[in-house]
Structures are given as C-alpha cells and as structure tokens.
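Student: I should like to understand the terms applied to a ligand site and to some backbone features. Please set each value against its definition.

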Amino acid sequence: MATACGVDFGTSNSTVGWVQPGRPVMLPLEDGKVTLPSVVFFNADDDDVTFGRAALADYLAGYEGRLMRSLKSLLGTPLMDGQTEVAGRALSFRELLGQFIRELKRRGESAAGREFDAAVFGRPVHFVDDDPAADRLAQDTLAEIARAAGFRELAFQFEPIAAAFDYESQIDREELVLIADIGGGTSDFSLVRLAPSRMARRDRRDDILASAGVHIGGTDFDKYLSLVTVMPELGHGSELKNGSAVPSSYYFNLATWHTINQAYTRKMSAQLGELVRDAREPQKLLRLQNLIEDRAGHWLAMRVEETKIALSDQASVRLELDRLAPPLALDVERDCFVAAIGALVDTVGGSVARLLADAGVRSEQVDTVFFTGGSSGVAALRERIAATVPAARRVEGDRFGSIGAGLALDAVRQFG
Ligand SMILES: Nc1ncnc2c1ncn2[C@@H]1O[C@H](COP(=O)(O)OP(=O)(O)OP(=O)(O)O)[C@@H](O)[C@H]1O
Ligand SMILES: [Mg+2]
C-alpha cells in the first residue's frame with residue numbers, strides 16, 4: 001500500500017486520496033463523507049476551533065466567533081499575512097490555514113489507519129492571474145504550511161492534470177482530452193494525451209500539451225448573483241439624501257466569501273449608523289445594519305450559494321431571507337444568474353480558446369472534453385467550454401472526487 005497521499009485543498013472543499021492495492025480510494029473525512037468543506041470556525045465562547053460542516057453548523061447555531069471560508073483565495077495575496085479579530089483576540093489567517101491543513105492530514109490518517117509523511121498537493125494552474133511572483137509566493141506559503149503540518153516530502157501537481165490521471169484510469173484507448181476543472185476559486189484546463197499504455201510512465205511531460213487557468217470559479221458566481229439580487233435590497237446602488245451614492249465597499253465585502261469578515265470592523269459599524277440616517281431608502285440600509293450586527297454575512301452568502309446551485313436544476317428559485325430585518329423573499333431566475341456571470345463565462349471561454357491555439361491543436365483533433373469540479377454544474381459554462389471543441393465527446397466525471405483520486409495516483413508515481 002502507498003505511503004503517500006494526495007491532498008486536494010480546495011477553495012470550497014478538500015479531499016485526501018490514497019492508493020490501496022492498485023486503485024485510488026477517497027478517505028472519509030467527516031461523518032463518512034469524503035469531502036471536508038474548507039471551512040474553519042473559531043468559537044470565541046469555548047476558545048475552540050471546528051472544521052468543515054461542523055464549523056458551518058457552529059456558526060449557524062449562533063456561537064460568538066469567526067467563520068472563515070475560501071482561505072485558499074488568500075494565498076499569494078497580502079491578505080494572507082493579515083488577521084481577523086474576535087472577542088479581543090487576533091487570529092492570523094496563516095495560523096488558521098495551518099490548523100485546517102493539520103486537521104485534513106489528521107483525519108486522512110485516522111481514516112487510513114496509518115501516517116502519511118509524503119503528499120502530492122494539487123494546485124491551480126494559476127493561484128494568482130498574471131503575476132508569477134505572487135503565484136510562486138502562494139505555492140511557497142502552502143508548502144511551508146504543509147511542512148509545518150508534518151508532511152516531510154512534498155510535491156505539487158496541477159489540479160487538471162490530476163483529474164486527467166483519474167480519467168485515464170477509466171479509458172481503454174488513446175485519447176486527446178481537454179480537461180476542465182471548474183471549482184470554487186479557479187477554472188483550470190489541460191490538454192493531455194491519455195492512454196492506458198502510458199499510465200505507468202514516470203515522466204508525462206510529453207503527454208501534457210498545454211495548461212491554462214483563470215481565477216474565476218463558483219465563489220465569483222455567488223458574488224455576482226448576490227450583487228444583482230440581494231445586495232440592492234440592502235441598499236447597493238441606492239442614494240443618500242444629498243444625491244451621492246451609498247459606498248459600494250460594504251456590498252463587495254459581503255458578497256465575496258473571503259472578505260465577509262471585513263464588513264464587521266468597528267469603523268464600518270460606526271459609519272453605518274450615519275448611513276441609515278442619511279439614506280433615501282433607510283429601510284434597505286437598516287437591513288444592512290442589522291445583518292452586520294447579527295454577523296450574518298456568511299449566512300447570507302450560503303443562502304445565495306444554495307440558490308445558485310438550485311438554479312442548475314430549476315429555471316426559477318424562491319430565496320427566503322427570513323433572518324434579514326425587515327425580512328425579504330425574492331424569486332431568482334436562471335436567466336438573471338446567467339446574465340450576471342456572462343462576462344466571467346466569456347473570460348473562461350476565451351482562456352480555453354487560447355489554450356487550444358497556443359498548443360497548436362485544432363478543435364476537431366480533441367476526442368473528449370472531461371468536466372469536473374462543482375461549478376461544472378453550471379450549464380451555461382459547460383456549454384461555452386464544450387463549444388470550443390464541438391466534435392468532442394463530453395464526459396462528466398466525479399465532480400468532487402476526480403482531483404483527489406488523480407493526486408493519489410500521482411503520489412504513488414512520485415513517492416512510491
Ligand atoms: N450543482 C451545482 N451547480 C453549480 N455550482 C455548484 C454545484 N454544486 C457545487 N457547486 C459549486 O461548486 C463550487 C465547489 O466546487 P469544488 O468543490 O470543485 O471547488 P474546490 O475544489 O473547493 O475549488 P478550487 O478547485 O477552485 O480551489 C462551489 O462554488 C459550489 O457552490
Ligand atoms: Mg478543486
């Protein structure tokens with residue numbers, strides 16, 4: 001059995017994969033489930049930290065504390081060295097991320113019944129777009145954290161290449177494949193030549209024709225959906241009595257998973273009282289003020305995310321926001337969502353078209369397009385990507401397991 005594991009530390013969900021005689025197994029990490037949502041809750045009442053679904057439950061149960069999601073989005077940004085304050089205590093993001101990775105390792109080991117001191121970590125093709133120095137810093141920071149968590153040997157693999165290895169274990173002839181991994185934080189693509197006969201090769205560089213990625217994923221879709229549906233009901237885009245606009249920073253902070261806590265600073269709270277007084281539509285600003293006092297930003301973001309996911313199956317979804325004061329109910333249409341993310345879908349589509357051009361591959365040469373990642377559930381995005389290779393067969397992989405399984409296979413290749 002393998003001595004190394006694969007770790008898919010995702011923006012929204014994380015997994016640990018391990019190869020047991022010949023085949024990858026995803027290890028159960030929480031209540032028998034193989035994903036651990038990448039969430040940390042610092043409970044100030046008990047001075048305790050919880051993870052995953054339990055962290056979400058503690059936050060929703062109303063414990064005093066701080067919830068952190070999308071920690072991966074902080075890698076490579078100056079925010080990584082920042083901290084959040086709760087009940088007079090400073091919590092550094094680096095330390096919280098470290099605790100999450102340690103927990104991921106501990107749970108994987110406990111499920112496997114053995115220790116892992118080597119791992120292949122997945123990484124997006126770009127942690128940070130168009131900034132190689134920041135991108136390197138992001139990987140270095142994650143490596144430091146992983147080493148501190150006890151992984152003595154470490155390697156990184158592009159997430160779409162990992163997905164390719166998983167898909168390769170399921171085919172019986174050679175194929176040229178476009179891998180599309182649309183996650184919570186990034187959309188990543190690789191063009192790869194896959195074949196059962198090539199699987200055992202140690203060096204696959206010749207089979208990887210090109211990779212590309214953009215920092216656009218499901219958390220961005222949540223943000224844009226929030227900004228066009230819910231945030232206007234909290235005053236986004238409205239005016240003060242003197243004709244000037246209500247500052248948009250509150251709304252952007254609240255609509256972006258990794259900056260929600262920034263809406264809770266004392267300075268922001270102090271300004272809100274004045275805004276309610278000066279607003280043309282004070283009821284909306286009152287909702288914003290109540291939400292912030294209630295520290296309900298993550299609750300709101302979760303309701304928006306649930307709505308987005310439901311729109312993958314339904315053309316219209318009723319969004320009941322009873323925790324807002326005054327309460328609110330909205331009917332959200334899929335068309336409205338698709339319009340809100342139109343520019344993002346264009347950018348992702350452009351990235352795929354460029355990838356093919358850079359690789360010098362004509363679209364009809366691509367045999368298969370393989371989709372994985374939770375946000376591949378968004379049909380508009382899938383269609384756009386598939387349209388770049390219209391003749392290719394479409395395969396939808398395990399949305400949440402392909403990367404971890406591929407990383408586990410790669411861990412055997414790299415560490416034995
Ligand atoms: N059915 C669905 N339709 C649309 N989006 C979905 C669906 N199911 C999950 N998602 C979204 O998928 C995202 C999570 O996907 P995934 O777990 O693949 O991301 P991740 O691996 O954590 O992120 P990344 O790889 O970018 O770091 C979330 O934004 C979630 O809202
Ligand atoms: Mg992922």
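Tutor: The discussion below takes the ligand site and then two loops. This is a predicted model in which local features need pLDDT of at least 70 and side-chain atom pairs pLDDT 80 or more, while totals for chains, interfaces and linings use all residues. Residues are numbered from 1 along each chain as its sequence is written, chains are lettered from A and ligands numbered from 1 in the order in which they are written, and side-chain values use heavy atoms, without hydrogens and water.

Student: What makes the pair between Ser 12 and ligand 1 a polar contact?

Tutor: A polar contact is a pair of N or O atoms within 3.5 Å; within protein, one must be able to donate a hydrogen and the other to accept it, and residues adjacent in sequence count only if both atoms are side-chain atoms. A backbone N or O atom of Ser 12 lies 2.6 Å from a ligand 1 oxygen, so the pair qualifies. Backbone N or O atoms of Gly 185, at 2.7 Å, and of Ser 375, at 3.2 Å, also face oxygen atoms of ligand 1.

Student: Which groups make up the shell around ligand 1?

Tutor: The shell divides into 3 nonpolar, 15 polar and 5 charged residues. Asp, Glu, Lys and Arg count as charged; Ala, Val, Leu, Ile, Met, Phe, Trp, Tyr, Cys and Pro as nonpolar; the others, Gly among them, as polar.

Student: Which helix supplies the largest share of that shell?

Tutor: α9 does, with 3 residues; helices are DSSP runs (H or I, at least four residues), and strands are E runs of at least two, numbered from the N terminus.

Student: Why is Asp 31 singled out?

Tutor: Most residues other than glycine have a negative phi, and most peptide bonds are trans. Asp 31 has a positive phi of about 50° and lies in the loop between β3 (23–26) and β4 (36–37).

Student: What is the peptide bond from Ala 325 to Pro 326, cis or trans?

Tutor: That bond is cis, with omega near -5°, and Pro 326 is in the loop between β15 (316–321) and β16 (328–333).
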